[in-house]
Amino acid sequence: MPESALRIDKLLFFLRIAKSRNLASGWAESGFIRVNGRRIEKGSATVGVNDVITMPRGEAVLTFRLITMPHRRGPAPEAKACYQILS
């Protein structure tokens, strides 16, 4: 896998959207996450910079664009700097 791509489950964990990678993988396998409008059904699906990810978040829908690739699960401000929430 190139350095500019990351598995969706790992990405959601690194961005602090999911509390665990296992939880993020379950979300991906449920089929409710979309990357650039394409339905994702595996935690191993890859995402890259400038991809738009859409997913349910409680009663709302979270849509965000990946600005830069996170390299670790760091503090919240570091994670939030990696993506831009779209309306």
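User: In which sense do strand 5 and strand 6 pair, and over how many bridges?

Analyst: This is a predicted model, and its strands are read through the bridges between them. Strand 5, residues 52-57, pairs with strand 6 in the antiparallel sense, over six bridges. One example of facing residues is M55, which stands opposite L62 in strand 6.

User: What is found in the hairpin of strand 5 and strand 6?

Analyst: For a hairpin, one looks at the residues between the strands and at their backbone angles. Here two residues lie between strand 5 and strand 6, and G58 in this hairpin takes a positive phi near 70°.

User: Which strand does strand 6 join through three bridges?

Analyst: Strand 6, residues 60-66, is joined to strand 7 by three bridges, and the two run antiparallel. Within this pair, F64 has I85 of strand 7 as its bridge partner.

User: In what order do the five strands of the open sheet stand?

Analyst: The order in a sheet is read from neighbour to neighbour. In this open sheet the five strands stand in the order 3-2-5-6-7, with antiparallel pairing. Strand 3 (38-39) and strand 7 (83-85) each have a single partner strand, so each is left with one side that has no neighbour in the sheet.

User: How many helices and strands does the protein chain have, and in what order do the elements run?

Analyst: The protein chain contains three helices and seven strands. Read from the N terminus, its elements follow the pattern β-α-α-β-β-β-β-β-α-β.

User: Why does the radius of gyration of the protein chain agree with a compact globule?

Analyst: The value is compared with the one expected for the chain length. A compact globule of 87 residues would have a radius of gyration near 12 Å, and the protein chain has 12 Å, so the two agree. The C-alpha trace spans about 30 × 25 × 25 Å along its principal axes.

User: What percentage of the residues count as buried, and what is the accessible surface of the protein chain?

Analyst: Buried here means under 20% relative accessible area. By that cut-off, 40% of the 87 residues are buried. The accessible surface comes to about 5300 Å², and carbon and sulfur atoms account for 51% of this area.

User: How many positive and negative side chains does the protein chain have?

Analyst: There are 14 positive and 7 negative side chains, and the centres of these two sets lie 3 Å apart.

How values were computed. Residues are numbered from 1 along each chain as its sequence is written. This is a predicted model: local features need pLDDT of at least 70, side-chain atom pairs count only at pLDDT 80 or more; totals for chains, interfaces and linings use all residues. Side-chain values use heavy atoms; hydrogens and water are left out. Helices (H or I, at least four residues) and strands (E, at least two) are DSSP runs, numbered from the N terminus. The radius of gyration is taken over C-alpha atoms; the globule rule is 2.2 Å times the number of residues to the power 0.38. Buried means under 20% relative accessible area, exposed over 50%, partly exposed in between (1.4 Å probe, protein chains only). Accessible areas come from the Shrake-Rupley method with a 1.4 Å probe; for residues, only the protein chains shown count as cover. Lys and Arg count as positive and Asp and Glu as negative; His and the chain ends are not counted. The place of a charge is taken as NZ of Lys, CZ of Arg, CG of Asp or CD of Glu. Two strands pair if DSSP finds at least two bridges between them.
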